Structures are given as C-alpha cells and as structure tokens.
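Trainee: Could you take me through one part of this structure up close? I'd like to see how the inside and the surface are put together.

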Amino acid sequence: MENMEMLNRIQLRGFVGSCKVTSVADTRVARVSVATNHCFKDRSGNPVIETTWHNVTAWEKEGIDLDNIDRGDMVEVTGRLRMNRYTNSDGVPCQTVEVLASELKVLDKRQ
C-alpha cells in the first residue's frame with residue numbers, strides 16, 4: 001500500500017441555484033450552489049428524482065470567470081472535497097462538505 005497514490009477528486013454537472021461573489025484580500029471568490037439529480041425507480045416501479053445540493057467554492061485565481069455564472073446555468077465543476085468542522089452558536093458540533101473547484105465551466109446559459 002505504500003505505493004498507492006491518494007486521490008480526492010470530484011466532477012459534477014448540474015444547475016446553479018445561487019452564486020455569490022465576494023473578495024478575500026485582493027482575490028475574488030464565488031460561493032456557488034449546484035444541484036445534481038439522480039433518477040431511479042422505487043420498489044413500486046415509480047420514477048423518483050433525488051436532488052442533491054453541493055456547495056462549491058471557486059477562486060478567481062484558478063482562472064475561472066466568476067462574472068459569467070448565473071442562476072439556472074448548467075455548469076461542470078471539477079475539484080476536490082473538503083470537510084469543515086465547527087461548533088455552532090448553541091455549542092453543537094457541525095460539519096459541512098464543500099467542493100473546492102479547480103475548474104468551473106458554464107455549459108449552457110439559462111435562456
């Protein structure tokens with residue numbers, strides 16, 4: 001196992017729900033929510049669509065055009081997963097998972 005390479009990579013294709021661009025120091029960063037769907041049939045044979053929302057963080061320094069991302073656009077995201085652990089204001093331990101984007105491409109603009 002010593003020679004086995006570690007890998008943390010995710011690729012998503014879905015629709016933008018929201019995109020908020022802010023600045024950190026001199027670099028802009030976008031926090032984007034992306035919805036993906038998984039379709040399957042339940043035990044009765046009825047179609048079910050399961051939507052998962054992903055929190056994506058994209059830094060301008062990665063060469064991503066942050067001005068071209070709008071709600072409803074179909075995007076493709078490549079990046080890595082990062083888990084954040086914190087304690088909320090009530091003292092309850094929480095965790096979130098975010099995608100740190102290395103690439104974010106707009107595939108289809110909302111009409």
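Mentor: Sure. First, a word we'll need: a strand here is a DSSP run of E with at least two residues, and strands are numbered from the N terminus. Keep in mind that this is a predicted model.

Let's start with strand 5, which covers residues 93–108 and includes Val97. Val97 has a relative accessible area of 42%. Partly exposed means between 20% and 50%, so Val97 counts as partly exposed. Together with Leu81 and Met83, Val97 makes a nonpolar surface patch of about 240 Å².

Now go inside. In soluble globular proteins, nonpolar side chains tend to be buried together. Here, the largest nonpolar core has 16 residues, and Val56, Val77 and Leu104 have the most contacts inside it. Strand 1 (10–24), strand 2 (27–41), strand 3 (47–59), strand 4 (74–87) and strand 5 each give this core at least two residues. Zoom in on Val56: leaving aside neighbours within four places in sequence, its contacts include Val77 and Leu104, along with Val32, Val34, Val99 and Ala101.

Last stop, Thr36, which sits in strand 2. Its relative accessibility is 15%, and buried means under 20%, so Thr36 counts as buried. Its side chain joins that of His54 through a polar contact of 2.8 Å. Setting aside neighbours within four places in sequence, Thr36 also touches other residues, among them Leu12, Arg13, Gly14 and Glu50.

Technical notes. Residues numbered from 1 in each chain as written. Predicted model: local features only at pLDDT ≥ 70, side-chain atom pairs only at ≥ 80, totals over all residues. Heavy atoms only, no water. Patch = residues over 30% accessible without salt bridge, like charges linked within 9 Å, V, L, I, M, F, W, Y side chains within 5 Å. Areas by Shrake-Rupley, 256 points an atom, 1.4 Å probe, with all protein chains shown as cover. Salt bridge = Lys/Arg side-chain N within 4 Å of Asp/Glu carboxyl O. Helix = DSSP H or I, 4+ residues; strand = E, 2+ residues; numbered from the N terminus. Buried < 20%, exposed > 50% of the residue type's maximum accessible area, 1.4 Å probe, protein only. Core = buried A, V, L, I, M, F, W, Y, C linked by side-chain atoms within 4.5 Å. Contact = heavy atoms within 4.5 Å. Polar contact = N/O pair within 3.5 Å; in protein donor to acceptor, adjacent residues only side chain to side chain.
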